[in-house]
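User: Could you take a close look at one helix of this model and explain, step by step, how the parts around it fit together? I am in my first year, so please go slowly.

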Amino acid sequence: MAYTLQHLESHAAFEASFELMRVLRPHLTDLAAYVAQLQRQAAQGYRLLAAWEGEQVVGLAGYRPLENLLYGRFIYVDDLVVSPDLQRGGLGAQLLNAVRDEALQRGCDHFVLDTGLHMPLAQRFYFRQGLLARGMHFTQSLKPGSPQ
């Protein structure tokens, strides 16, 4: 199937991505808060690439350009999700390749993402895409009352 890849930039386009993003981020429950957060992130360089099948968003790749002393200039992939009924059909690889191409065009030195330790299928997918595990990601919640 041929998909149309397009960066989402408008309020309506962000809204159209909400239900699919909830597949990856089920804690998102408020459409208005989601759109507002995407707008804040976009102001910080975040871009959301969507794969469209007709009028429906069926894949998303959210990413941002960064620079640090470890990687130099790099693209960090925050979000990658494909509609469950289309998984294992190559769309995730197509989205990842499009973002990787963006990194190359920007002259980035690295292409980076994180995935949960509890997600072995995602890990295998990323290995097949040429990404290697190079460390562990540590995090601590700073919100009072939230689980660590």
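Analyst: Two strands are said to pair if DSSP finds at least two bridges between them. This is a predicted model, and with that in mind we can begin at one such bridge, where V77 has L113 in β5 as its bridge partner. The strands β4 and β5 pair in the parallel sense, over 4 bridges. They belong to an open sheet of 5 strands, which has the order β1-β2-β3-β4-β5 and mixed pairing. Because β1 and β5 stand at the edges with a single partner strand each, one side of each is left without a neighbour in the sheet. From one strand to the next, the twist averages 30 degrees.

The helix to look at closely is α3, which covers residues 91-105. Its 15 residues should span 21 Å at 1.5 Å a residue, and because its end C-alpha atoms are 21 Å apart, the expected and the computed values agree. The buried residues of α3 are L91, G92, A93, L95, L96, V99, E102 and A103. What covers these buried residues includes the strands β1, β2, β3, β4 and β5, together with the helix α4. Just after α3, G107 takes a positive phi of about 75 degrees.

Where do the nonpolar residues of this helix go? In soluble globular proteins, nonpolar side chains tend to be buried together. Here, the largest nonpolar core has 24 residues, and those that touch the most other members are V77, L80, L95, L96, V99, F111 and Y126. At least two residues of this core come from each of β2, β3, β4, α3, β5 and α4, while α3 gives the most, with 6 residues. L80 lets us follow the contacts one by one, since, leaving aside neighbours within four places in sequence, L80 is in contact with L24, L60, A61, G92, L95, L96, F125 and Y126. A second, separate core of 17 residues includes L8, Y34, L38 and L48.

The chain reaches α3 through a loop that follows β4, and S83 has its place in this loop. S83 counts as buried because its relative accessibility is 12%, which falls under the 20% limit for that word. Not counting residues up to four places away in sequence, S83 touches L20 and V58.

For a comparison, consider helix α1, which spans residues 11-24 and holds A16. With a relative accessibility of 37%, A16 counts as partly exposed, and beyond the neighbours within four places in sequence A16 is in contact with W52 and V57. The C-alpha atoms of A16 and G72 are separated by 34 Å, and these two residues are 56 residues apart along the chain.

The structure also holds 3 aromatic pairs. In one of them, the rings of F18 and Y34 have their centres 5.1 Å apart and their planes at 55 degrees, so the pair is tilted. Since F18 lies in α1 and Y34 in α2, the pair ties together parts that are 16 residues apart in sequence. Both F18 and Y34 are buried.

Finally, M136 is found in the segment after α4, and M136 is exposed, with a relative accessible area of 59%. From C-alpha to C-alpha, M136 and D114 are 8.7 Å apart in space, although 22 residues separate their positions in sequence.

Key: Residues are numbered from 1 along each chain as its sequence is written. This is a predicted model: local features need pLDDT of at least 70, side-chain atom pairs count only at pLDDT 80 or more; totals for chains, interfaces and linings use all residues. Side-chain values use heavy atoms; hydrogens and water are left out. Buried means under 20% relative accessible area, exposed over 50%, partly exposed in between (1.4 Å probe, protein chains only). Contact means heavy atoms within 4.5 Å. A nonpolar core is a set of buried Ala, Val, Leu, Ile, Met, Phe, Trp, Tyr and Cys residues joined through side-chain atoms within 4.5 Å. Rings of Phe, Tyr and Trp (its six-membered ring) pair if their centres lie within 6.5 Å; planes under 30 degrees apart count as stacked, over 60 as edge-to-face and the rest as tilted. The expected span of a helix is 1.5 Å times one less than its number of residues. Axes are lines fitted to C-alpha atoms, for helices over the stretch in contact, and angles run from 0 to 180 degrees between N-to-C directions.
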